[in-house]
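Reader: I would like a close look at a single part of this structure, namely the helices, how they pack against one another, and the loop that follows the last of them. Please take it in one connected account.

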Amino acid sequence: MSERNAAGRFDAAAFHAALDRTRQERGVLWKDVAKQAGVSASTLTRLAQGRRPDVDGLAALVTWANLSADDFVRRHDAPREADTLAKVATHLRGDRNLTPEAAEALEALIAVAYKQLATSGPE
């Protein structure tokens, strides 16, 4: 492993997917995202191709989408299952669009799906 990749890497594909979800929720086109975020259309094109944005573009896009760049850094010491599910639960319970009961129901569904679909690590 190179020194540059020793700590982790930025998951541009996951970041692009999160931006796309936000774009769809807001009902805007990609050109609107570029304008509203203050980035070039080519930045979004490169991101769609799996390439990483520059630091200023990343800052503008996470601000526009109200995301955290840290959520897209894949560390080599990946979180345990409990960490992942805890993060999901935190986001669901903080969602103003969900009642506490709805958040709890979604959390339970996601936990079941996660356990069924997660790949097992070394035992």
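Author: In this predicted model, Asn66 is exposed, with a relative accessible area of 69%, and the residue sits in the loop between α4 and β2 (73-75). Its backbone deserves attention, since Asn66 has a positive phi of about 55 degrees although it is not a glycine. Most residues other than glycine have a negative phi. A positive phi also appears just after α3, where Gly50 takes a value of about 90 degrees.

From this loop one can step back into helix α4, which spans residues 55-65, and consider its partners. Two packed helices are described by the angle between their axes and the distance between the axes. Helix α1, residues 12-26, has an axis that comes within 10 Å of that of α4, and the two cross at roughly 40 degrees; α1 and α4 are therefore oblique to each other, an angle of 65 to 115 degrees being what would count as roughly perpendicular. The crossing in which α1 passes α4 is left-handed. On the α1 side the contact is made by Phe15, Leu19, Thr22, Arg23 and Arg26, and on the α4 side by Leu58, Leu61, Val62, Trp64 and Ala65. Sorted by class, the contact of α1 with α4 has seven nonpolar, one polar and two charged residues.

The packing of α2 on α4 has its own geometry: their axes are 9 Å apart and the angle is about 105 degrees, which makes α2 roughly perpendicular to α4. Here Val33, Gln36 and Ala37 in α2 meet Ala60, Leu61 and Trp64 in α4, and by class this contact of α2 with α4 has five nonpolar, one polar and no charged residues. Leu61 and Trp64 of α4 thus take part in the contact with α1 and also in the contact with α2.

There remains helix α3, residues 41-48, in which Thr43, Leu44 and Leu47 are buried. These residues cover an arc of only 95 degrees around the axis, which puts them on the same side of α3. What covers the buried residues of α3 includes α1, α2 (30-37) and α4, that is, the helices whose mutual contacts were described above. The face of α3 turned away from its buried side carries the exposed residues Ala41 and Ala48.

Definitions and conventions. Residues numbered from 1 in each chain as written. Predicted model: local features only at pLDDT ≥ 70, side-chain atom pairs only at ≥ 80, totals over all residues. Heavy atoms only, no water. Axes fitted to C-alpha atoms, helices over the stretch in contact; angles between N-to-C directions. Helix = DSSP H or I, 4+ residues; strand = E, 2+ residues; numbered from the N terminus. Parallel < 35°, antiparallel > 145°, perpendicular 65-115°, else oblique. Left-handed = near helix turned anticlockwise from the far one by under 90°. Contact = heavy atoms within 4.5 Å. Nonpolar A, V, L, I, M, F, W, Y, C, P; charged D, E, K, R; others polar. Buried < 20%, exposed > 50% of the residue type's maximum accessible area, 1.4 Å probe, protein only. Arc of directions from axis to C-beta.
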